[in-house]
Amino acid sequence: MNWPDSRCLVTGGAGFIGSHLVDELLRLGAKVRVVDDLSRGKRENIAHFFDQIEFLKGDLAEKSVAIEALRDIDICFHLAAVVGGVEFMNSHPAEISKNLSIDRNVIDGFRRIDAERLLYTSTACTYPTSLQEEADIPALKEEDAFKYGVRPDSFYGWTKIMGEVTCRAYHDAYGMRISIVRPFNPYGPRDYFDPDSSHVIPALIRRALRHEHPFLVWGDGEQSRAFQYVTDVVGAFPLAVDLLTNADPVNLGTSDVVKIRDLAKLILDLVGYKTSIQFDSSKPQGVRCRKADTMKSMSQLGWRPEVYLKEGLKRTIDWYLASGKSS
């Protein structure tokens, strides 16, 4: 792509991943429009580049908002979705079902304006729970999401499966050039630290900096994840737009996992808070193990993560402290 001549839309561009993607697109020289209803995204995430973008506040579940946002756009990076931590996703299925309307409006609106390319942001939550129930499991390959029967671990995963299917249908029916990425557990600055909807890393960082006692970790601590620093994740998005346009998903992750008990210890060490850890198995903990096969991302995108977990956690903690939200 000739990025300096490209007019890009980032849906959900005031959110955690979306705002970092805008940083990357501006670095490439692209012209950027952001649409966000600010229900989860924040103005402070886009304040540092607000004078360099066009911003539209609106709810993409409304068809008219999607049409207006897509006007005169060449490339659409679609990230907008209703999402939260594991407890939120288990307890708010009706809210999450809104993703079906959002995706349909954006994808169909993209077809109507005949824009160049669309990137759909899916999720690792699309994979069947049956492939993630043991500690020592093979890394998840892209085809595994459908190969063994579709059974994601949450209603959010179901909405993203339907989004992927819609992308495939529109690609096959209209020849639309669509990329699909499945990020695995992204984290970093601007992540969501709200205790009601945060994922595990921001939740643990917030509680460690507040010296909470007892220091509770959801589950038994033996569940494991492969985490990705956010700038590594968004760095792959333009590559996917360039190189994968057949609505064939690609993992953005790693097979290097860490147990949640070890993650908690590492965060406590980095914060400098010495305390015992208590595990609460009555709380939801998600699947036992989740890690990505990266053969496709390496071979077809030439992409691999560069920021190791310890360094990424340091950067995230430093950002959170500097933001003044830790007090």
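Trainee: Before we look at this model, what do "buried" and "exposed" stand for?
Mentor: A residue is buried if its relative accessible area is under 20%, and exposed if that area is over 50%. Please keep in mind that this is a predicted model.

Trainee: Which residues of α13 are exposed?
Mentor: D318 and A322 are exposed, on the other side of α13 from its buried residues.

Trainee: And which ones are buried?
Mentor: In α13, the buried residues are G312, L313, T316, I317 and Y320. They lie on the same side of the helix, because they cover an arc of only 135° around the axis.

Trainee: Why do residues three or four places apart point the same way in an α-helix?
Mentor: An α-helix has 3.6 residues a turn, so residues with that spacing point the same way.

Trainee: What do the buried residues of α13 pack against?
Mentor: Their partners are β7 (186–187), α9 (200–209), β10 (228–229) and α11 (260–271).

Trainee: How many residues does α13 have, and what comes after the helix?
Mentor: Helix α13 spans residues 309–323, which is 15 residues. From its first C-alpha to its last it reaches 21 Å, close to the 21 Å expected at 1.5 Å a residue. G324 follows α13 and has a positive phi, near 80°.

Trainee: Changing topic to the sheets: what is the order of the seven strands?
Mentor: The order is β3-β2-β1-β4-β5-β6-β11, in an open sheet with parallel pairing. At its edges stand β3 (54–57) and β11 (246–252); each has a single partner strand, so one side of each is left without a neighbour in the sheet. On average, neighbouring strands are turned by 15° against each other, direction ignored.

Trainee: How many bridges join β1 to β2?
Mentor: Five bridges join β1 (residues 7–11) to β2 (residues 31–36), and the two strands run parallel. One residue pair to look for is C8 with its bridge partner V32 in β2.

Trainee: Which strands does helix α8 touch?
Mentor: Helix α8 (residues 155–174) packs on the sheet and touches β5 (117–121), β6 (177–183) and β11. The direction of α8 makes about 145° with that of β11. Helix α10 (residues 230–243) also packs on the sheet, touching β4 (75–78), β5, β6 and β11.

Trainee: What about the sheet of three strands: is the pairing parallel or mixed?
Mentor: The pairing is mixed in that open sheet, whose order is β12-β9-β14. Two bridges join β9 (residues 224–225) to β14, and these strands run parallel. There, R225 stands opposite R290 in β14.

Technical notes. Residues numbered from 1 in each chain as written. Predicted model: local features only at pLDDT ≥ 70, side-chain atom pairs only at ≥ 80, totals over all residues. Heavy atoms only, no water. Pairing = 2+ DSSP bridges. Helix = DSSP H or I, 4+ residues; strand = E, 2+ residues; numbered from the N terminus. Axes fitted to C-alpha atoms, helices over the stretch in contact; angles between N-to-C directions. Contact = heavy atoms within 4.5 Å. Expected span 1.5 Å × (residues − 1). Buried < 20%, exposed > 50% of the residue type's maximum accessible area, 1.4 Å probe, protein only. Arc of directions from axis to C-beta.
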